[in-house]
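Student: I would like to go through the labels on this structure and ask what earns each one.

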Amino acid sequence: MCEETISIPKRIVFALHIDGYFREFYENTQKGMSHKEAWEKLENEFETYELPTRYDSFESFKRGKSYHFKKKQQKISFW
């Protein structure tokens, strides 16, 4: 049995972690993409490399983004 290997860009590998995912998302928005376009691009890239997508819909993504940043703010709160 011969296994096929693929090369995955580091930025996509980093995006497998939630912090890297949103870093990549915001880099796309800085390039002028809307939030929906940036999300679609990232999810499509995951599919290109046969990786599991993180969010099934844009609505699910928006909820996840809100939850992620609320959680991060709690970690840095001083009170």
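Tutor: We take the helix, the rings, the surface and the charges in turn, and this is a predicted model.

Student: What makes the span of H2 close to the expected one?
Tutor: Helix H2 covers residues 18-30, which is 13 residues. From first C-alpha to last, H2 reaches 19 Å. The expected value at 1.5 Å a residue is 18 Å. The two are close.

Student: Which residues of H2 are buried?
Tutor: Gly-20, Tyr-21, Phe-22, Glu-24, Phe-25, Asn-28 and Thr-29. Just after H2 comes Gly-32, with a positive phi of about 100°.

Student: How do you know that Phe-22 is buried?
Tutor: The cut-off for buried is under 20% relative accessible area. Phe-22 has 2%, so Phe-22 is buried. Phe-25 has 0%, so Phe-25 is buried as well.

Student: How many aromatic pairs are there in the whole structure?
Tutor: The search finds 14.

Student: Why is the pair of Phe-22 and Phe-25 called edge-to-face?
Tutor: Two values decide. Ring centres must lie within 6.5 Å to pair, and planes over 60 degrees apart count as edge-to-face. Here the centres are 6.5 Å apart and the planes stand at 85°, so the pair is edge-to-face. Along helix H2, Phe-22 and Phe-25 are three residues apart, or about one helical turn. An α-helix has 3.6 residues a turn, so residues three or four places apart point the same way.

Student: Which residues do the ring pairs link into a cluster?
Tutor: Among them are Tyr-21, Phe-22, Phe-25, Tyr-26 and Trp-39. The cluster also includes Phe-58, Phe-61 and Phe-69.

Student: What places Arg-54 over the face of Tyr-21?
Tutor: The distance limit is within 6 Å of the ring centre, and the charge must also be within 35 degrees of the ring normal. Arg-54 is at 5.5 Å from the centre of the Tyr-21 ring and lies over its face.

Student: Why is Leu-16 called partly exposed?
Tutor: Partly exposed runs between the 20% limit for buried and the 50% limit for exposed. Leu-16 has 37% relative accessibility, so Leu-16 counts as partly exposed. Leu-16 sits in the loop between helix H1 (10-14) and H2. With Val-13 and Phe-14, Leu-16 makes a nonpolar surface patch of about 270 Å².

Student: How do you know that Glu-24 and Arg-11 form a salt bridge?
Tutor: The rule asks for a side-chain nitrogen within 4 Å of a carboxyl oxygen. The closest N and O atoms of Glu-24 and Arg-11 are 2.8 Å apart, and the two form a salt bridge. Glu-24 is in helix H2 and Arg-11 in helix H1, so the pair ties together parts 13 residues apart in sequence. Glu-24 is buried at 5% relative accessibility, while Arg-11 is partly exposed at 35%.

Student: What makes Arg-11 and Glu-45 a link between distant parts of the chain?
Tutor: Their closest N and O atoms are 2.5 Å apart, and they form a salt bridge. Arg-11 is in helix H1 and Glu-45 in helix H3 (residues 35-48), 34 residues apart. Glu-45 is buried, at 13%. Arg-11, Glu-24, Lys-41 and Glu-45 are linked in a network of salt bridges.

Student: Where do Lys-62 and Glu-59 lie?
Tutor: Both are in helix H4 (residues 58-76), three residues apart, about one turn. They form a salt bridge, with closest N and O atoms 3.1 Å apart. Lys-62 is partly exposed at 35%, and Glu-59 is partly exposed at 44%.

Note on methods. Residues are numbered from 1 along each chain as its sequence is written. This is a predicted model: local features need pLDDT of at least 70, side-chain atom pairs count only at pLDDT 80 or more; totals for chains, interfaces and linings use all residues. Side-chain values use heavy atoms; hydrogens and water are left out. Helices (H or I, at least four residues) and strands (E, at least two) are DSSP runs, numbered from the N terminus. The expected span of a helix is 1.5 Å times one less than its number of residues. Buried means under 20% relative accessible area, exposed over 50%, partly exposed in between (1.4 Å probe, protein chains only). Rings of Phe, Tyr and Trp (its six-membered ring) pair if their centres lie within 6.5 Å; planes under 30 degrees apart count as stacked, over 60 as edge-to-face and the rest as tilted. Patches are made of residues with over 30% relative accessible area and no salt bridge: like charges are joined within 9 Å, nonpolar side chains (Val, Leu, Ile, Met, Phe, Trp, Tyr) within 5 Å. Accessible areas come from the Shrake-Rupley method with a 1.4 Å probe; for residues, only the protein chains shown count as cover.
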